[in-house]
Amino acid sequence: MSATEPPPGRATPTPPAPPTSSAPPPAPLSASPPPPASATSADPAAPPPPAAASTSAFALSRAQQEWSARLRALGTERLRPHADSRDPGRVNRPLLRELGEMGLLGHAVPGARPGERVSALDLCLLREALAYSCPQAETALALQGLGAGPVADGGTPGQRARWLPEVAAGRAVAAFALSEPGAGSDAAALALRAEPEPGAGPKGGGAGGEHAARRWRLSGRKTWISNAPEADFYTVFARTGEGPGSRGVSAFLVPADRPGLTGAPLDMLAPHALGTLTFDAVPVTGDDLLGAPGQGFPVAMRTLNLFRPSVGAFAVGMAQAALDASLQHAAERPAFGGVLRDLQSVSHQLAEMATRTEAARLLVYAAASAYDASTGTGGDVARRAAMAKLMATETAQYVVDTAVQIHGAAALQRGHLLEHLYREVRAPRIYEGASEVQRSLIAKELYRTRPPRTGRPHTKESPT
Ligand SMILES: Cc1cc2nc3c(=O)[nH]c(=O)nc-3n(C[C@H](O)[C@H](O)[C@H](O)COP(=O)(O)OP(=O)(O)OC[C@H]3O[C@@H](n4cnc5c(N)ncnc54)[C@H](O)[C@@H]3O)c2cc1C
């Protein structure tokens, strides 16, 4: 198995039976790669060396654990040099091409391989490993998947063939354009107008099927769009007006060179390739539709269902890097005649960080496994995805903040691993559904799937 091949098999809960002689032996320590050369305390920006292969009870297979370890090492050895060589606030095309050549983008770009679907669990393992060793590569990879997701979901064979192999190879840059100045969490309130062109009928032939002859002009603004304004194409959600709210939204694939489409970069707390888009009567036709008119919102939601657990995996990877750095620091930092970890309050902080990180990781793996076992919607997929994203992103915020506390002032110095993580960990609690939105989604799913009432009421009837 090459370093970048997907791991064979899927995570399965280990049966509660006691170990037998036929049970696989625990992974030897040599399954972990040697610490990367740059991961020394001399380089405060470097992640700490990876921990030994886990023997956790929710068993990733040994091959999956080894794949994760190799990906962490590759992130340091092959991807970080590309990441470090460019402005982190711009699209990094050499990094994307390296990710493509390593075969990694294929795990994030749905449908790039004919007949294949992205494995949510493989995507989570990949995002977690890259988040640990090269967060810039992780983000670049995830954004290719997010931008290409609607093309795989609702695109025609022609659209898929034109764009998905290019995105998976890292030669074309994709972006997902849903948010607007007046519509973030309430995405169904989006206002970008798709105005029909006079004389363009609803029916016709061509690649777009019965809607191919239709033409619209897109007018309005999008904001906070990752990879804008440098992407090669945008999956754009616009109001075509078939119904109220989300029922009047259609998805379009808009190549970046369409007349009337402009954009500008935004400067963020954690530098990201991110910007605004302005649509000034940008022409689109039925051939640019992703799915049927009025069906754009489900296309967006299905894409987010796949990616939500993996946002959690990104957060878990960052939390693990912060935890490992803290373990190392607490073992080395002299304090009060010993080292920091001799203080019980510090040990308890480390224990709490590790426990919460592991709990978040398990929720992420469970949500991804549920997605893989489903058609991508229905059942408990949405609830699990929301729980995983909520728990993991909130946990990572806690873990990184506690790691900063354990490191003291050194963590706040520009260029330190934790200074970077402290800025990086904030946004995932807001994007792809803020934590409050995830809680509302979880509650809605609980009410929808509430079992019918059975048995006696919990309170006794009043004797009066
Ligand atoms: C780094 C980054 C990358 C991004 N990339 C993309 C991208 O590629 N494509 C894209 O389309 N968008 C992207 N976004 C935008 C992102 O999806 C929005 O920021 C997000 O949906 C929240 O919208 P908002 O920022 O307008 O906040 P608002 O919707 O104004 O919400 C502000 C706050 O109000 C509270 N709130 C909102 N709704 C509720 C509710 N229902 N119940 C309780 N409280 C609530 C929450 O605390 C929330 O954080 C990105 C954002 C960031 C930070």
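Modeller: Two residues are in contact if their C-beta atoms, placed from the backbone, lie within 7 Å. This is a predicted model: local features need pLDDT of at least 70 and side-chain atom pairs count only at pLDDT 80 or more, while totals for chains, interfaces and linings use all residues. Residues are numbered from 1 along each chain as its sequence is written.

Colleague: Which elements are included in what covers the buried residues of α9?

Modeller: Helix α9 spans residues 417-424 (helices are DSSP runs of H or I, at least four residues; strands are runs of E, at least two; both are numbered from the N terminus). Of its 8 residues, 6 are buried (20 or more other C-beta atoms within 10 Å of its own; exposed means 12 or fewer, partly exposed in between; C-beta atoms are placed from the backbone). Those six are Leu417, Leu418, His420, Leu421, Tyr422 and Glu424. Their cover includes α4, α6 (296-332) and α8 (381-407).

Colleague: Where is the kink in α4?

Modeller: Helix α4 has 20 residues, 135-154. It reaches 29 Å from first C-alpha to last, close to the expected 28 Å (1.5 Å times one less than its number of residues). The kink is about 35° (the angle between axes fitted to the seven residues ending at a residue and the seven starting there). It comes shortly before proline 150, at alanine 148.

Colleague: Why is α4 largely enclosed by the rest of the structure?

Modeller: Look at the burial count for this helix. Helix α4 is largely enclosed because its buried residues number 20 of the 20.

Colleague: Between which domains does the ligand lie?

Modeller: The shell around the ligand has 18 residues (C-beta atom, placed from the backbone, within 6 Å of the ligand). Elements giving two or more residues to this shell are β3 (174-177), β5 (215-226) and α10 (435-448). Both domains (bounds from an automatic or database domain assignment) contribute to the shell, so the ligand lies between domain 2 (174-294) and domain 3 (298-448).

Colleague: How many charged residues are in the shell around the ligand?

Modeller: The closest residues are Ser179, Gly184, Ser185, Ser226 and Glu436. By class (Ala, Val, Leu, Ile, Met, Phe, Trp, Tyr, Cys and Pro nonpolar; Asp, Glu, Lys and Arg charged; the others, Gly among them, polar), the shell has 11 nonpolar and 6 polar residues. The charged count is 1.

Colleague: Is glycine 182 buried or exposed?

Modeller: Glycine 182 is in the loop between β3 and β4 (193-196). Beyond four places in sequence, its contacts are Ala189 and Ala191. It has 12 other C-beta atoms within 10 Å, so glycine 182 is exposed.

Colleague: Which peptide bond is cis?

Modeller: Most peptide bonds are trans. Proline 229 is in the loop between β5 and β6 (233-239). With omega near 0°, the cis bond runs from alanine 228 to proline 229.

Colleague: What is the phi of glutamate 432?

Modeller: Most residues other than glycine have a negative phi. Glutamate 432 is in the loop between α9 and α10, and is buried with 21 other C-beta atoms within 10 Å. Its phi is positive, near 50°.

Colleague: And what is the phi of alanine 281?

Modeller: Alanine 281 is in strand β9 (residues 274-285). It counts as partly exposed, with 14 C-beta neighbours inside 10 Å. It is not a glycine, yet its phi is positive, about 55°.
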